[in-house]
Each structure stands twice: as structure tokens, then as C-alpha cells.
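Q: Please take a close look at one part of this protein and then set it in its surroundings. Short sentences are fine.

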Amino acid sequence: MADSLLGPSISFTFTLTFTRHLLFEKRKIRPRCSSRKSLTKSMSAATHCRCFSNPTHTQPSLLVFSGGTAFNGVVEELKNITTRVAHVLPVSDDGGSTAEIVRVLGGPAVGDIRSRCLRLSDESTPEALAVRRLLGHRLPLHPQQAKSEWYNIVEGEHSLWKGVSKPYRETIRAFLSYFQNEILRRPNESFCFSNGSIGNFFFAGARVFFQSLDAAIFLFSRVSDIPSESQVLPVISTNDRLTLGCELRDGTVIRGQNEISHPTNGSMEPVKKERSAVPALPSRIKRVFYMSSEGSNLLHEVFPTANSAVLDQLNAVDCIIYAMGSLFTSICPSLVLLGIGEIISSRSCPKVLLLNGSEDRETSGFSASCFVTAITDALNRAYGDPQKSLKNSPSQYINTILVPEDGEIPLDIQCLASQGIFDLITVHSICDPKVGIIFDPKSLIQAIADLLGRHMKTTVREPLSNQQ
């Protein structure tokens with residue numbers, strides 16, 4: 001079985017040829033040769049071209065800081081006003097099958113990125129739906145059943161392949177087989193397929209093959225046919241493992257995103273997002289930071305560099321959004337990096353906080369101004385190296401807050417005013433039985449569209465008045 005999984009029938013020559021067609025022919029980009037190294041470089045160039053091509057856009061451009069879950073629910077609706085969105089996501093997720101991939105193969109976590117790519121993927125044709133179903137599939141929880149189904153998928157015999165044409169089938173199978181081959185090359189590590197995501201496995205295979213997270217994202221984007229104006233950007237472009245840590249107000253240090261947000265005690269079961277499913281933290285979170293892969297305390301703090309593509313987009317977009325979700329483990333990991341706060345504070349565009357509708361483990365007892373303080377402290381790097389910290393005010397980072405109707409987070413208007421934030425917009429909400437009050441997607445996107453419309457009109461009027 002193991003030998004057959006190495007895929008003698010799957011030709012990487014064919015796969016590279018089709019991959020070149022998939023990535024470049026549609027973009028009119030000319031790759032210079034077909035080696036893995038040059039293909040990776042060409043893919044990076046293609047990604048750059050995609051970011052800055054077609055300057056005559058009429059749609060507004062957004063940059064959204066988010067995690068892999070909460071904002072997913074409004075991605076489809078957002079397409080109705082613009083596809084020019086840069087989705088910035090952390091690469092420190094260490095739960096579920098992502099944790100198993102990182103444990104055995106190393107590298108950054110791709111679960112949040114894969115989740116957003118799937119939400120953005122095309123659904124307009126039967127084949128697009130078939131590819132989306134395949135890459136969105138999760139294996140059973142029972143380890144042996146999961147392993148058996150995985151073999152069936154890699155061998156190309158599973159019903160999930162129905163509707164996937166041969167070029168796409170062979171390309172996807174090749175990278176799944178490459179992932180399996182990498183696992184087999186590590187005989188001292190027993191990989192557990194329980195609850196494994198096929199999309200994560202494909203992503204990991206592509207990342208290891210190209211030795212590039214950016215190339216893997218670009219390949220995934222083309223296979224799932226994400227709109228060319230949409231970008232999914234890791235906040236840190238790396239091929240190394242990253243670990244998130246947090247320091248509590250009482251001095252306690254917690255290692256690992258999942259341990260901070262949704263402790264699972266090593267279980268491979270799906271992370272339970274319900275508020276009652278996790279115990280409260282012993283103290284409020286003071287800050288989050290990155291740790292070395294083997295570190296366990298503040299002495300092991302590391303300082304990765306922000307993805308240059310994220311910095312470029314921050315300088316160019318019409319609106320910056322801090323999405324709802326896990327404040328300290330989904331949003332703040334993208335904000336604490338050098339350069340992020342500097343650029344955001346310099347921009348005069350709308351800077352919008354989407355306030356959570358319910359408390360969670362990370363924000364128990366928080367008011368709206370507490371969310372603003374946490375984001376400000378992260379962008380100012382208030383508790384890190386004093387020589388690298390900023391002193392910017394909250395209003396330099398946030399100028400508008402969208403609030404879900406009937407939400408649980410108290411609106412302390414006077415405290416917000418003292419922070420320089422006066423623009424609060426209430427948005428219709430719905431009640432989710434698992435997580436509580438959330439934004440109604442259509443109402444939220446309409447509120448963002450209205451906000452952008454007002455900003456655009458003001459921006460147009462100001463030059464005219466200056467000319468007069």
C-alpha cells in the first residue's frame with residue numbers, strides 16, 4: 001500500500017506542465033523554465049503581478065485582519081460589493097490536523113489560510129463545486145477509518161473525485177501523494193489522520209514541494225479559482241514553524257494558540273467554539289507574542305518580520321478592517337509585528353473595528369473600550385522592547401466601530417470618547433446557538449458599503465474645495 005501511495009502513475013512532469021498552464025497561461029505570464037526552483041520564483045512574481053495589475057478598478061479595496069472562522073460567514077456577502085480584498089491571516093494555529101502536520105513536517109500553520117481560500121473559491125460550475133467539496137473534506141475521527149479513507153482518496157478511488165476533470169485530478173493527487181511521501185520519509189513519526197483536512201494536506205504538500213508558503217497559496221488559489229483581485233496573505237511569509245504565546249496580567253505565560261483560546265488537551269476532535277466548552281483564564285491577557293519552537297517562557301520570545309505584501313497593501317487600500325473573532329489569537333498576532341502599526345497610524349482611510357457580539361475565553365468582562373485598548377497596545381507593541389514601541393493614540397488606529405444589535409459587549413461611550421472614537425454604527429444581528437450574537441452578514445456588508453461610500457464622497461469633495 002505504501003509503495004502505491006508514492007504514485008508511480010502520477011507523473012510530476014505532467015503535473016508541473018499542467019501547473020504551469022494553470023498558473024501562467026491564464027495570466028499571460030511567461031515562465032522561463034520548468035524546474036521547481038524557477039517555477040517557485042515565477043509563482044512569486046505572478047503573485048506580485050496579481051497584486052498590482054489593472055489599476056483602473058472601480059471597486060473599493062479593503063484589507064481585513066481576521067482569523068479562520070468568524071469572518072468566513074460574511075465572505076460570500078462581501079463579494080457583492082468588492083472582490084478587491086486582502087485577507088491577512090495568522091500562521092500560528094496549532095489545533096486539529098494543522099497541529100499534526102506541523103508536528104511531523106514542521107513549517108507554518110495553514111489551517112486558517114486554507115479555510116479562507118475555500119470560502120473564496122469558485123462555485124459557479126459543477127467542477128468548481130467538486131473541487132471545493134474535495135478540498136473542504138475532513139476525514140473521520142476514528143484513526144483507522146481516517147487512514148483507510150485517506151488511502152482511498154490518494155489512490156483516486158474515492159467518490160469525492162467525481163466531477164473533477166483529469167488535469168485537476170492529477171494535479172491535486174500529485175501534491176496529496178507528495179504529502180504522503182513526506183510522511184513516509186519520517187519513519188520515527190507516526191502521523192494521525194484523524195479529522196484531517198484534505199485541503200490542509202494538499203496545502204502542506206505544495207508548501208514542502210515548492211519550499212514556499214506564498215507559492216502554495218498561489219497554487220491553491222488557482223486550483224480553487226479564487227477571484228484574481230482577492231488575496232489571501234499570511235501575515236508572516238515563512239517556511240518555519242511559528243508558535244504563539246501570551247502573557248497574562250498575573251505573569252502567567254501560556255504557550256500555543258489553542259491553549260490560549262480553546263484548550264483541547266491534545267485531542268484531535270474539532271475545536272469547540274461554544275463559550276461553555278472552555279474554562280475561564282485565571283487572569284486577563286496582557287499581550288501576545290511569538291516564541292521559538294522549543295521555548296516555554298518570556299526568554300524565548302522571537303521577532304518575525306511582517307510579510308512585505310501585507311505592508312504594501314496597508315499602504316494602498318481604501319479601508320482597513322479588524323474583523324470579529326478571537327481578539328488575542330486571531331487579530332492581535334497580525335498587529336504586533338514591526339511596521340504594521342506605523343503604516344496604519346499614517347493612513348487617513350476608514351479604520352473599522354467589527355465588535356464581537358459575545359464574550360469568549362479571551363475577552364471575558366471586556367467592554368468596547370477594552371477591545372480598542374487591546375488593539376492599540378498590540379499595534380503600539382506597548383509591552384515589548386521600549387525602543388521598538390509606539391505611542392500612538394487609539395483614534396490613530398480605529399475611527400469607526402460597527403456594533404451588532406443586542407450584543408453582549410457593553411458600549412462604554414464615555415471611555416470610547418476619551419479614546420477619540422465617536423463613530424459607532426449599530427448593525428442588525430442574529431443569534432447563533434453556539435456562539436451567541438453575531439452580525440447579520442447582509443446588514444454588516446451594507447454598513448461597510450455605506451461607510452465606504454461616505455468616505456469616497458468626502459475624499460472627492462476635499463480636492464475640489466482645495467481647488468476653489
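Which residue stands opposite V232 in β3?

A: H87 stands opposite V232 in β3. This is read from a predicted model. H87 belongs with strand β2, and the pair is part of a longer register: four bridges join β2 (residues 85-89) to β3. The two strands run parallel.

Now the sheet around that pair. Seven strands form an open sheet, and the pairing is parallel. The order is β3-β2-β1-β8-β9-β10-β11. β3 (231-234) stands at one edge and β11 (423-427) at the other, each with a single partner strand, so one side of each is left without a neighbour in the sheet. From one strand to the next, the twist averages 20°.

A helix covers part of this sheet. Helix α14 (residues 327-335) lies across β1 (62-65), β2 and β8 (319-322). Its direction is about 120° to β1.

Next, the helices. Two packed helices are described by the angle between their axes and the distance between the axes. Helix α10 (residues 198-210) serves as the reference here, with two contacts to describe.

Take α9 (residues 166-184). Its axis and that of α10 are 8 Å apart, and the packing angle is about 75°. An angle of 65 to 115 degrees counts as roughly perpendicular, and α9 and α10 are therefore roughly perpendicular to each other. From α9 come T171, I172, F175, L176, Y178, F179 and E182. They meet I198, F201, F202, A204, G205, A206, V208, F209 and F210 in α10. By class, this contact has 13 nonpolar, two polar and one charged residues.

Then α5 (residues 96-105). Its axis comes within 10 Å of the α10 axis, and the two cross at roughly 25°. Angles under 35 degrees count as roughly parallel, so α5 and α10 are roughly parallel to each other. Their crossing is right-handed. In α5 the contact residues are S97, T98, I101 and L105. Their partners in α10 are N200, F201, A204, R207 and V208. The contact of α5 with α10 divides into five nonpolar, three polar and one charged. F201, A204 and V208 of α10 appear in both contacts.

Last, confidence. The mean pLDDT of the protein is 86, and 82% of its residues reach 70 or more. Two stretches need care. Over residues 1-11 pLDDT stays under 50, and the model has 19 contacts beyond four places in sequence for them. Over residues 24-34 pLDDT also stays under 50, with 22 such contacts.

Terms used
Residues numbered from 1 in each chain as written. Predicted model: local features only at pLDDT ≥ 70, side-chain atom pairs only at ≥ 80, totals over all residues. Heavy atoms only, no water. Axes fitted to C-alpha atoms, helices over the stretch in contact; angles between N-to-C directions. Parallel < 35°, antiparallel > 145°, perpendicular 65-115°, else oblique. Left-handed = near helix turned anticlockwise from the far one by under 90°. Contact = heavy atoms within 4.5 Å. Nonpolar A, V, L, I, M, F, W, Y, C, P; charged D, E, K, R; others polar. pLDDT = per-residue confidence, 0-100. Pairing = 2+ DSSP bridges.
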